[in-house]
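Trainee: I'd like to learn how to read backbone angles and burial from a model. Could you walk me through some cases?

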Amino acid sequence: MNKIKIFSAVCLIAFSYCNAQKNAIVAHRGAWKKNNLPENSIASLRHAIDLKLPGSEFDVWRTADDSLVINHDAHYNKLLIEETNYADLIKFKLSNGEKLPTLYEYISEGMRNNKHTLLVCEIKPSEISKERGQKTGVAAVETIKKLKADKNTCYISFDYDILKKIRAIDPKTSLQYLEGNKSPKEVKADKINGVDYHYSVFQKHPEWIQEAKDNKIILNAWTVNEAKDMDWIIAHKFNYITTNEPELLKERKEIKK
């Protein structure tokens, strides 16, 4: 009986992270807006997990001294992250008193008491060089594997070469492209699992929705914050919907059932 339960649990976890999801909510930079939490903070990640959301997205940069940190913009407190040492960055606290989190700290929290929420790791393109961005991607994968979180994580980026570099070192991990300039067939040819585009891209190229489904390419749309746009994506049965308004999206999904 125990073996059956264990097998069922493993199957359930695997199912929750695969292409079978429909209109699953991804909190953009964590679930921060309703409670006025800092974006990309440990608190916003924990709130997304506590809400049992299917996904929570966050952004990774590499400092001048090779620390991997979580922040959306290239600058933090007017300092260019890639040209600043970590010790100088953490002199400035987030609005809730947290320090700027490292990837190690963020993933460690993301693995704690989390049975539902996929960690959606965006590797930011380097402001310095293409090669540096790729090295950041490799370093992020290594950190996440060290924490045994690779099966709970997928990677996204606007830099196609970062995704290709990750694929070269990891043939199994889930990858989604953000830029919106390649068809689902094109990304499939490069062994990229998903297209995670601004919803307006899919409105301009509605044929890509069916093309993705036909080719078993994950469909994700960002950043969907208005009810009318949510309704359009829900009607087209995307796998994931990335939003700053997870609570509103939950309501829209209930209405559309």
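Mentor: Happily! Keep in mind that this is a predicted model. Start with the backbone just after α9, where K216 takes a positive phi of about 55°.

Trainee: Where does K216 lie?

Mentor: K216 sits in the loop between α9 and β10. Its positive phi is worth noting, as K216 is not a glycine.

Trainee: Is K216 buried or exposed?

Mentor: Here a cut-off helps: exposed means over 50% relative accessible area. K216 has a relative accessible area of 69%, so it counts as exposed.

Trainee: Which residues of α9 are buried?

Mentor: In this helix, spanning residues 207–214, they are W208, I209, E211 and A212.

Trainee: What do the buried residues of α9 pack against?

Mentor: Their partners are the helices α7 (184–189), α8 (199–204) and α10 (227–235), together with the strands β9 (194–198) and β10 (218–222).

Trainee: Back to phi, then. What should I read at N36?

Mentor: N36 has a positive phi of about 55° and is not a glycine. Look for N36 in the loop between β1 (24–27) and α2 (42–50). Its relative accessibility is 68%, so N36 is exposed.

Trainee: And R252: buried or exposed?

Mentor: Buried means under 20% relative accessible area. R252 comes out at 18%, so it is buried. R252 belongs to helix α11 (residues 246–255).

Trainee: Which residues is R252 in contact with, leaving aside its neighbours within four places in sequence?

Mentor: R252 contacts A227, M230, D231 and I234 once those neighbours are set aside.

Terms used. Residues numbered from 1 in each chain as written. Predicted model: local features only at pLDDT ≥ 70, side-chain atom pairs only at ≥ 80, totals over all residues. Heavy atoms only, no water. Buried < 20%, exposed > 50% of the residue type's maximum accessible area, 1.4 Å probe, protein only. Helix = DSSP H or I, 4+ residues; strand = E, 2+ residues; numbered from the N terminus. Contact = heavy atoms within 4.5 Å.
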